[in-house]
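Colleague: I would love a close look at one part of this model, with enough of the surroundings to place it. Please take your time and walk me through it in one go.

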Amino acid sequence: MTNNWMKRQRLLGYIFIGPSMLGVLLFFLIPALYSFGLMFTNYKFMNPNVEFVGLDNIIRLFKDPMFYLSLKNTAVFLLAVPVSIAFGFVVAVVLNQKIYLKKLLRGLYFMPYITSGVAVAFVWMLLFHPTQGPINGLLRSIGFDNPPGWLSTTTSSMFAIDIIWVWFLLGYNMIIYLAALQEVSPELLEAAKIDGAKRGQILRKIIWPLVSPTTFLLLITGLIMTIKTFGIIQAITHGGPGNSTTILSLYVYQNAFRYYDMGYASTLSWALFIVILLITLVQWIGQKRWVHY
Amino acid sequence: MEIKTRLSSDVPKRLGLTLLMLLLAVVMVIPFLWMISTSLKTPAQVFEYPIKWIPANPTWEHHVKVWTGPKSFGVYYWNSLKISIIGMVGATFLSAFAAYGFARIQFKGRNALFMLYLSMMMVPPQVLFVPKFLMFEWAGIYNTHLALILPGLFTIFGVFMLRQFFLSIPNEITESAFIDGAGHFRIFFRLILPLAKPALATLAIIDFSWQWNDYENALVFLIDEKLYTVPLGLQNFILENTVDYNGMMAAASAGILPMIAVFAIGQRYIIQGLTNSAVKG
């Protein structure tokens with residue numbers, strides 16, 4: 001009887017999970033294993049000569065200056081995440097005060113996150129236009145005679161992308177902080193006020209530590225999400241000028257679909273996976289250690 | 001009495017903060033305002049400085065250009081809508097099924113399967129592009145909408161989100177139904193799904209916005225212009241009209257406005273869903 005019941009439960013479990021499981025197998029697990037195998041071949045698309053090359057691709061990766069440059073560009077891109085978290089925190093703290101139009105304001109700050117795709121990237125491309133764009137127009141009018149070239153020079157392009165990314169992520173960080181601030185007990189803040197704590201002190205010594213799990217979570221999820229992104233960069237700079245905005249995820253794409261070098265592209269993509277794995281490990285360790293509840 | 005005096009002393013401060021935040025919020029939405037404003041201008045007015053936010057003689061010709069002619073956005077819209085809606089409906093239902101299995105049915109191997117889902121979340125899409133490209137090529141669905149629709153039916157995030165929600169439904173609600181002899185199917189369709197409507201709406205809206213904005217998959221899996229989705233069509237328009245800034249902004253408006261509409265309607269659900277999955281997930 002119980003044995004029968006258990007069998008039935010198991011069957012039902014498979015029936016419910018089955019369709020989704022099929023998708024996970026077909027579009028996640030099998031491709032992931034396939035990609036892992038490709039890493040050890042010299043497979044080029046449409047080229048019938050496929051050979052097992054052992055660790056050649058991995059050796060090539062360690063000797064590839066573009067790989068290191070793409071890592072560096074990725075690191076600069078990732079700087080946008082903590083900056084955006086800081087802005088998101090400030091906006092959330094202010095919106096959590098007694099303030100009018102709270103819902104409207106929240107919506108406006110959040111809008112870039114939800115509406116943005118490639119379309120907005122193109123808008124930024126024009127806003128950043130070095131000679132005629134409105135941003136440099138504004139800078140010149142307030143006295144900067146040599147405003148930056150933004151997306152058009154190798155030294156500034158990655159930072160221009162960072163500005164777009166800070167703008168994009170800010171609303172998400174704000175929303176999550178707003179929810180976290182709801183959990184901070186008003187009695188605690190009231191008690192601190194009665195004890196004579198100043199606003200800045202309350203913010204630094206009470207609120208900031210209390211929302212530290214949220215900060216940590218936003219940092220980890222933000223880093224992982226950012227590292228996987230290449231759409232807006234591919235759309236507006238194609239990784240240029242030069243290779244100044246070629247981040248690792250874009251470099252994978254270029255190797256795969258511009259040079260059709262599938263073996264090497266797979267190797268690069270697993271390097272990307274390892275970076276994500278490291279961030280996740282930091283998360284597992286950090287959750288226990290650095291977060292003050 | 002005391003409340004009243006406190007309120008009145010708060011008003012100037014509240015107004016000040018509100019104004020400050022409103023000012024900053026305008027900075028946040030300036031790209032959208034500039035886009036719409038520019039789409040209604042003539043080429044000569046585009047980079048006029050100081051910026052005239054409301055053009056003297058607004059013109060609709062750029063919007064007309066985007067929506068008519070041989071490369072009308074109508075085609076891209078149809079493609080995007082088809083892919084996003086099928087994906088959204090499919091992904092929401094399949095996720096709900098799987099989430100129920102993970103949350104409510106006890107069976108051997110469940111935790112191992114769940115771990116598999118967890119680990120697949122860590123695999124970046126870049127790892128999957130090449131093998132999917134080769135598999136789709138082999139299966140004959142490369143450069144067809146199926147290459148976007150089929151994978152779009154599955155979202156691991158959705159399974160997680162709904163599982164979390166189903167776990168939060170008290171067991172007592174389903175227990176009495178069990179005692180009355182109802183099976184899992186009846187409980188799922190009659191009890192759980194109606195209770196989960198807000199969560200399903202949240203997932204549907206978020207998934208729709210992902211699919212609508214998805215540029216990277218379309219870039220990898222589509223080459224025929226007539227199959228293009230809105231992000232690809234937009235890119236194409238911009239590559240072909242490199243100096244037509246007004247047209248570019250009219251095209252960008254066409255790409256963004258549906259998302260603004262979805263956002264305005266579904267804001268509550270989107271915010272709820274994102275916070276729940278982040279804070280409690």
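Modeller: Happy to. Let me begin with a term we will need throughout: two residues are in contact if their C-beta atoms, placed from the backbone, lie within 7 Å. With that in hand, take the contacts in chain B whose separation is 6 or more: residues 24 or more positions apart account for 78% of them. In chain A, among contacts between residues at least 6 apart in sequence, the share that joins residues at least 24 apart is 69%. Please keep in mind that this is a predicted model.

The part I would like to show you is a pair of helices in chain A, but first the setting. Chain A has 14 helices and zero strands, so its pattern along the sequence is simply one α after another. The radius of gyration of chain A is 24 Å, well over the 19 Å that the globule rule gives for 293 residues, so chain A is more spread out than a compact globule. Its C-alpha trace spans about 80 × 75 × 35 Å along the principal axes, and 41% of its 293 residues count as buried.

Chain B can be described along similar lines. It has 13 helices and zero strands. Its radius of gyration is also 24 Å, well over the 19 Å from the globule rule for 281 residues, so chain B too is more spread out than a compact globule. The C-alpha trace of chain B spans about 75 × 75 × 30 Å along its principal axes, and 41% of its 281 residues count as buried.

Now to the close look. Two packed helices are described by the angle between their axes and the distance between the axes. The pair is helix α4 (residues 80-95) and helix α11 (residues 212-228), both of chain A, whose axes come within 9 Å and cross at roughly 140°. Angles over 145 degrees would count as roughly antiparallel, so at this crossing α4(A) is oblique to α11(A). As for the hand, α4(A) passes α11(A) in a right-handed crossing.

Which residues meet there? From α4(A) come A:Ala80, A:Val81, A:Pro82 and A:Ile85, and from α11(A) come A:Thr215, A:Leu218, A:Leu219, A:Gly222, A:Leu223 and A:Thr226. Sorted by class, the residues of this contact divide into seven nonpolar, three polar and no charged. If you follow the numbering along either helix, one general point helps: an α-helix has 3.6 residues a turn, so residues three or four places apart point the same way.

Around this pair, a few local features are worth a visit. Beyond α4(A), in the loop between α4 and α5 (102-115) of chain A, you will find A:Leu101. A:Leu101 has a positive phi of about 55° although it is not a glycine, and with 15 C-beta neighbours inside 10 Å, it counts as partly exposed. On the other side of α4(A) in sequence, helix α3 (residues 65-78) of chain A holds A:Leu71. A:Leu71 also has 15 C-beta neighbours inside 10 Å and counts as partly exposed. From A:Leu71 to A:Trp165, 94 residues apart along the chain, the C-alpha atoms are separated by 18 Å.

Beyond α11(A), look at the loop between α12 (231-236) and α13 of chain A, where A:Pro241 is found. A cis peptide bond joins A:Gly240 and A:Pro241, with omega about -5°. The loop leads to helix α13 (residues 248-257) of chain A, and nine of its ten residues are buried, so α13(A) is largely enclosed by the rest of the structure. Among the buried residues of α13(A) are A:Leu248, A:Tyr251, A:Tyr253 and A:Asn255. After α13, in the loop before α14 (262-289) of chain A, sits A:Tyr260. Its phi is near 50°, a positive value in a residue other than glycine, and A:Tyr260 is partly exposed, with 15 other C-beta atoms within 10 Å.

Finally, stepping back to both chains, their contact takes 73 residues from chain A and 73 residues from chain B. Helix α1 (residues 2-38) of chain A gives the most to chain A's side, with 19 residues. By class, that side has 53 nonpolar, 17 polar and three charged residues.

Notes: Residues are numbered from 1 along each chain as its sequence is written. Chains are lettered from A and ligands numbered from 1 in the order in which they are written. This is a predicted model: local features need pLDDT of at least 70, side-chain atom pairs count only at pLDDT 80 or more; totals for chains, interfaces and linings use all residues. Axes are lines fitted to C-alpha atoms, for helices over the stretch in contact, and angles run from 0 to 180 degrees between N-to-C directions. Helices (H or I, at least four residues) and strands (E, at least two) are DSSP runs, numbered from the N terminus. Angles under 35 degrees count as roughly parallel, over 145 as roughly antiparallel, 65 to 115 as roughly perpendicular and the rest as oblique. A crossing is left-handed if the near helix is turned anticlockwise from the far one by less than a right angle, and right-handed if clockwise. Ala, Val, Leu, Ile, Met, Phe, Trp, Tyr, Cys and Pro count as nonpolar, Asp, Glu, Lys and Arg as charged, and the others, Gly among them, as polar. The radius of gyration is taken over C-alpha atoms; the globule rule is 2.2 Å times the number of residues to the power 0.38. A residue is buried if 20 or more other C-beta atoms lie within 10 Å of its own, exposed if 12 or fewer, and partly exposed in between; C-beta atoms are placed from the backbone.
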